[in-house]
Amino acid sequence: MQMMIFGCGYSGKAIARLGLTRGATVSGTTRGEHNAASLAADGVRALVFDGTAASPELALALSQATHLVQSIPPGPDGDPLLRLAGHGIRKLCPKLEWIGYLSTVGVYGDYGGDWVDENNECRPSPGRSQERVAAEAAWLAEGEAAGVPVAILRLAGIYGPGRNGFVNLQKGTARRIVKKDQVFNRIRVEDIAEAALFLAEGKHGGIFNITDDEPAPPQDVIAEVARLMGVEPPPELPFETADMTPMARSFYGANKRISNRKIRKMGFQFRYPEYRMSLRQLWETGRWDDPE
């Protein structure tokens, strides 16, 4: 497998590292030279991509790629990789066998706390979620035109080593904001990587929710983090009066329970299906503060 990952950030790096352990040759893009050195140290062929033009080295990696993962979010002008390809991905990647697009469960919008699966209608709020819906549709159309299966991975709230409630509590930034009946799903970054490789190796196409089994109130998760650390949790703050950025407040505008049944029925097993055992593993292994 020749894997090309556009956007080797937190999730992209996890996919790259797992791919390397599975015998794949992995190339990945980053915006800066500092992160390129970190990727190279992990065995990834690191390539700088500014979101517009492809260097000769990047063009060569694309020409060799059999599996493509797109992790760079879209903007008002659409998806940067589709712009680069001019909606002709097969010309850039003549050997391509599979495409994975990392999206978000935010595309579903608000369902008033009801359960949602891949068959539910997307009700995105204006802005970033609408851009995601448009990018998903564009990638599915691109794959159909190229004769390549496209897997859309709709990710829940991402956490894992170096990025979690333990870190936030240690920094003093963790808050227990309470909104009546509000729940969120989460996903460990290692499970994102496992799901991506599962779909890539099987060349599966379609839309898949990549999320844990247990949507839960966010304040309960912080309370569990504090319990494991042996400290007092921060006080509860009513959502209505809490001082929050507009972006943070917007997350609470969508309330839903996300089902991962589709990918599980295909035989995929999540390593961290619920937050209590996942947080315990992070704490007991000491990996909670691993560098990202």
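Colleague: Which strand holds Arg-186?

Modeller: Arg-186 sits in strand E10, which covers residues 186-188. Keep in mind that this is a predicted model.

Colleague: How do you know whether Arg-186 counts as buried or exposed?

Modeller: Check the number against the cut-off. A residue is called buried when its relative accessible area is under 20%. Arg-186 comes out at 11% relative accessibility, so it counts as buried.

Colleague: What does Arg-186 touch, leaving out residues up to four places away in sequence?

Modeller: Its partners include Ala-156, Gly-157, Tyr-159, Thr-211 and Asp-212. Val-221 is also among them.

Colleague: And what makes the link between the side chain of Arg-186 and Phe-184 a polar contact?

Modeller: The cut-off for a pair of N or O atoms is 3.5 Å. The side chain of Arg-186 reaches the backbone oxygen of Phe-184 at 2.7 Å, so the pair is within that limit and passes as a polar contact.

Colleague: Val-221 came up just now. Which helix contact is Val-221 part of?

Modeller: That would be H9 against H12. Helix H9 (residues 218-229) packs on helix H12 (residues 275-285) at an angle of about 35°, and their axes are 10 Å apart. H9 brings Asp-220, Val-221, Glu-224, Val-225, Leu-228 and Met-229 to the contact, while H12 brings Tyr-275, Arg-276, Leu-279, Arg-280 and Trp-283. Sorted by type, these residues give seven nonpolar, no polar and four charged.

Colleague: Is the crossing of H9 and H12 left-handed or right-handed?

Modeller: The crossing of H9 and H12 is right-handed.

Colleague: Let's turn to H2. Which residues of H2 are buried?

Modeller: In helix H2 (residues 33-41), Asn-35, Ala-36 and Leu-39 are buried.

Colleague: Why do you say the buried residues of H2 line one face?

Modeller: Look down the axis of H2: the buried residues fall within an arc of 105°, so they line one face of the helix. On the other side of H2, you find Glu-33, His-34, Ala-37 and Ala-41 exposed. Helix H1 (10-21), E2 and E3 are among the elements that cover the buried residues of H2.

Colleague: What about H3, which residues are buried there?

Modeller: Leu-58, Ala-61 and Leu-62 are the buried ones in helix H3 (residues 56-64). Viewed down the axis of H3, they fall within an arc of 100°, so they too line one face.

Colleague: What do the buried residues of H3 pack against?

Modeller: They pack against strands E1 (2-6), E2 (25-30), E3 (45-48) and E4 (67-70), along with helices H4 (80-85) and H5 (89-92).

Terms used
Residues are numbered from 1 along each chain as its sequence is written. This is a predicted model: local features need pLDDT of at least 70, side-chain atom pairs count only at pLDDT 80 or more; totals for chains, interfaces and linings use all residues. Side-chain values use heavy atoms; hydrogens and water are left out. Axes are lines fitted to C-alpha atoms, for helices over the stretch in contact, and angles run from 0 to 180 degrees between N-to-C directions. Helices (H or I, at least four residues) and strands (E, at least two) are DSSP runs, numbered from the N terminus. A crossing is left-handed if the near helix is turned anticlockwise from the far one by less than a right angle, and right-handed if clockwise. Contact means heavy atoms within 4.5 Å. Ala, Val, Leu, Ile, Met, Phe, Trp, Tyr, Cys and Pro count as nonpolar, Asp, Glu, Lys and Arg as charged, and the others, Gly among them, as polar. Buried means under 20% relative accessible area, exposed over 50%, partly exposed in between (1.4 Å probe, protein chains only). The arc is that of the directions from the helix axis to the C-beta atoms. A polar contact is a pair of N or O atoms within 3.5 Å; within protein, one must be able to donate a hydrogen and the other to accept it, and residues adjacent in sequence count only if both atoms are side-chain atoms.
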